[in-house]
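The following exercises concern pairs of charged side chains and the packing of helices. Each task is followed by a solution in steps.

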Amino acid sequence: MRHSPHGPANAAPATLAAVTDDTFAAEVLASPLPVLVDFTAAWCPPCRMIAPVLAEIAAERQGRLRIVTLDVDHNPRTTAAHAVLSTPTLILFRDGAPVTSLTGARPKHRLLAELADGLGE
């Protein structure tokens with residue numbers, strides 16, 4: 001069996017912090033940086049596909065963009081509050097408000113292009 005350097009296959013890469021219903025307001029809505037929230041689930045294959053892309057972007061944009069994960073199965077309040085019906089759903093928050101929402105996995109270049117307006121690029 002192959003071991004991933006990021007832990008079990010259903011875990012988020014080590015570079016991405018996980019937020020919960022209880023920490024969402026402080027970690028995302030009150031953040032001085034834009035925050036991209038990955039609404040994810042352990043059982044979701046596209047979520048596992050996009051996780052390394054998100055980890056790479058987080059490393060490249062450290063100090064300019066935060067990327068966090070939120071497990072939809074364990075955090076129903078936040079999931080419902082943002083009308084997340086599919087995984088992965090990515091929502092970019094700036095100044096406590098959602099500015100861009102994307103559903104589904106995509107390659108890094110396409111993801112960055114789709115986030116550019118919300119990031120002010």
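**Exercise 1.** In this predicted model, determine whether Lys-108 counts as buried, partly exposed or exposed.

*Solution.* The relative accessibility of Lys-108 is 22%. Buried residues lie under 20% and exposed ones over 50%. Lys-108 therefore counts as partly exposed.

**Exercise 2.** Identify the salt bridge that Lys-108 forms with Glu-56, and state which parts of the chain the pair ties together.

*Solution.* Step one concerns the distance: the closest N and O atoms of Lys-108 and Glu-56 are 2.7 Å apart, and the cut-off for a salt bridge is 4 Å. Step two concerns location: Lys-108 belongs to helix H4 and Glu-56 to helix H2, so the pair joins parts that are 52 residues apart in sequence. Step three concerns accessibility: Glu-56 has a relative accessibility of 40% and therefore counts as partly exposed.

**Exercise 3.** Find how Glu-60 is connected to Lys-108, and which residues make up the resulting network.

*Solution.* The side chains of Glu-60 and Lys-108 form a salt bridge, with 2.4 Å from N to O. Glu-60 lies in helix H2 and Lys-108 in helix H4, so this pair ties together parts 48 residues apart in sequence. With a relative accessible area of 43%, Glu-60 is partly exposed. Taken together, Glu-56, Glu-60 and Lys-108 are linked in a network of salt bridges.

**Exercise 4.** Describe how helices H2 and H4 are arranged, and which residues meet between them.

*Solution.* Begin with the axes: those of H2 (residues 45-60) and H4 (residues 108-119) come within 10 Å and cross at roughly 60°. The two helices are therefore oblique to each other, and their crossing is right-handed. Next, list the contacts: Ile-50, Val-53, Leu-54, Glu-56, Ile-57 and Glu-60 in H2 meet Lys-108, Leu-111 and Leu-112 in H4. Finally, sort these residues by type: six are nonpolar, none is polar and three are charged.

**Exercise 5.** State how many salt bridges the model contains, and examine the one between Arg-77 and Asp-22.

*Solution.* The count comes to seven salt bridges. In the one between Arg-77 and Asp-22, the closest N and O atoms are 3.1 Å apart. Arg-77 lies in helix H3 (residues 76-81), and Asp-22 in the loop between strand E1 (17-18) and helix H1 (24-29), so the pair ties together parts 55 residues apart in sequence. As for accessibility, Arg-77 and Asp-22 are both exposed.

Methods
Residues numbered from 1 in each chain as written. Predicted model: local features only at pLDDT ≥ 70, side-chain atom pairs only at ≥ 80, totals over all residues. Heavy atoms only, no water. Axes fitted to C-alpha atoms, helices over the stretch in contact; angles between N-to-C directions. Helix = DSSP H or I, 4+ residues; strand = E, 2+ residues; numbered from the N terminus. Parallel < 35°, antiparallel > 145°, perpendicular 65-115°, else oblique. Left-handed = near helix turned anticlockwise from the far one by under 90°. Contact = heavy atoms within 4.5 Å. Nonpolar A, V, L, I, M, F, W, Y, C, P; charged D, E, K, R; others polar. Buried < 20%, exposed > 50% of the residue type's maximum accessible area, 1.4 Å probe, protein only.
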